[in-house]
Every structure is written in structure tokens, then in C-alpha cells.
Amino acid sequence: MKILLLIFLIFGNLAVWAGEIDVKVNGMVCSMCAQGIQKHLKNEPAIRHVVVDMDQKIVMIHTQMNQDISDETITKLITQAGYNVASIKRK
Ligand SMILES: [Cu+2]
């Protein structure tokens with residue numbers, strides 16, 4: 001019974017989970033950089049939308065409902081776009 005409850009709680013949480021990941025990025029200097037990163041990240045199916053805070057140099061990634069994206073994949077995508085990941089913070 002306890003196990004069943006635990007399973008329910010885990011799936012219950014997953015069902016409503018849509019993540020927000022804050023990625024601090026080095027090398028962004030203008031809105032063209034921000035647009036380039038956004039365009040590159042949006043090709044990833046797990047990513048719902050991307051918001052860039054140029055003042056804080058943070059790329060906020062919102063994932064699709066019930067989908068996650070690994071730190072490795074995020075780092076790979078940002079690097080491919082030509083920038084460096086300083087830190088990744090999950091909310
Ligand atoms: Cu730029």
C-alpha cells in the first residue's frame with residue numbers, strides 16, 4: 001500500500017511537471033546573440049520556449065510538459081551555437 005502511494009505521488013508530480021531551467025551563458029553581447037541561441041534551442045523538441053535575459057546573461061529554457069532535457073544536451077546546444085555555459089540552475 002505504501003509503495004502504491006509512493007508510485008502515485010511520483011507519477012502525480014510528473015504529470016504536472018514542466019521545467020524551467022536557467023542557463024547562465026558567457027559570450028552573449030547583443031540581441032543578435034540572444035536570437036541565435038533562441039533559434040538554435042528551439043530546434044530541440046523537448047524545449048517549449050526560450051527567454052533570454054540579456055542584462056543577467058541568462059537563457060531561460062521552458063521544457064514541454066513531462067519532458068526534461070539534460071545538462072549535457074543544454075551545454076552541447078549552447079556550445080554549438082557558439083557560446084559557453086557558465087552555470088545551469090533548475091527550478
Ligand atoms: Cu551578438
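In this predicted model, the mean pLDDT of the chain is 86, and 81% of the residues reach a value of 70 or more. Confidence is not even along the sequence, since pLDDT stays under 50 over residues 12-16, a segment for which the model has two contacts beyond four places in sequence.

The chain contains three helices and four strands, and these elements follow one another along the sequence in the pattern α-β-α-β-β-α-β. Of the contacts in the chain with a separation of 6 or more, 60% are accounted for by residues that stand 24 or more positions apart. Buried residues make up 14% of the 91 residues in the chain.

In soluble globular proteins, nonpolar side chains tend to be buried together. The largest nonpolar core in this model has 13 residues, among which Val23, Val25, Ile37, Val59, Ile61 and Ile78 touch the most other members. Two or more residues are given to this core by each of the elements β1 (20-26), α2 (31-41), β2, β3 and α3 (71-80), and the most come from α3, which gives three residues. The surroundings of one core member, Val25, can be described in detail: when residues up to four places away in sequence are left out, Val25 touches Ile37, Lys57, Val59, Ile78, Tyr83, Asn84, Val85 and Ala86.

Strand β2 (residues 47-53) and strand β3 (residues 58-63) run antiparallel and are joined by six bridges; within this pairing, His49 has His62 in β3 as its bridge partner. The two strands form a hairpin with four residues between them, and Lys57 lies in the turn.

The backbone of two loop residues deserves separate mention. Most residues other than glycine have a negative phi, and most peptide bonds are trans. Lys57, although it is not a glycine, has a positive phi of about 60 degrees, and its place is in the loop between β2 and β3. Lys57 counts as partly exposed because it has 18 C-beta neighbours inside 10 Å, whereas a buried residue would need 20 or more. Asn66 is likewise not a glycine and has a positive phi of about 70 degrees; this residue is placed in the loop between β3 and α3. With 12 other C-beta atoms within 10 Å, Asn66 is exposed, because the exposed class takes in residues with 12 or fewer such neighbours.

Notes. Residues are numbered from 1 along each chain as its sequence is written. This is a predicted model: local features need pLDDT of at least 70, side-chain atom pairs count only at pLDDT 80 or more; totals for chains, interfaces and linings use all residues. Two strands pair if DSSP finds at least two bridges between them. pLDDT is the predictor's confidence in each residue, from 0 to 100. Two residues are in contact if their C-beta atoms, placed from the backbone, lie within 7 Å. A nonpolar core is a set of buried Ala, Val, Leu, Ile, Met, Phe, Trp, Tyr and Cys residues joined through C-beta atoms within 7 Å.
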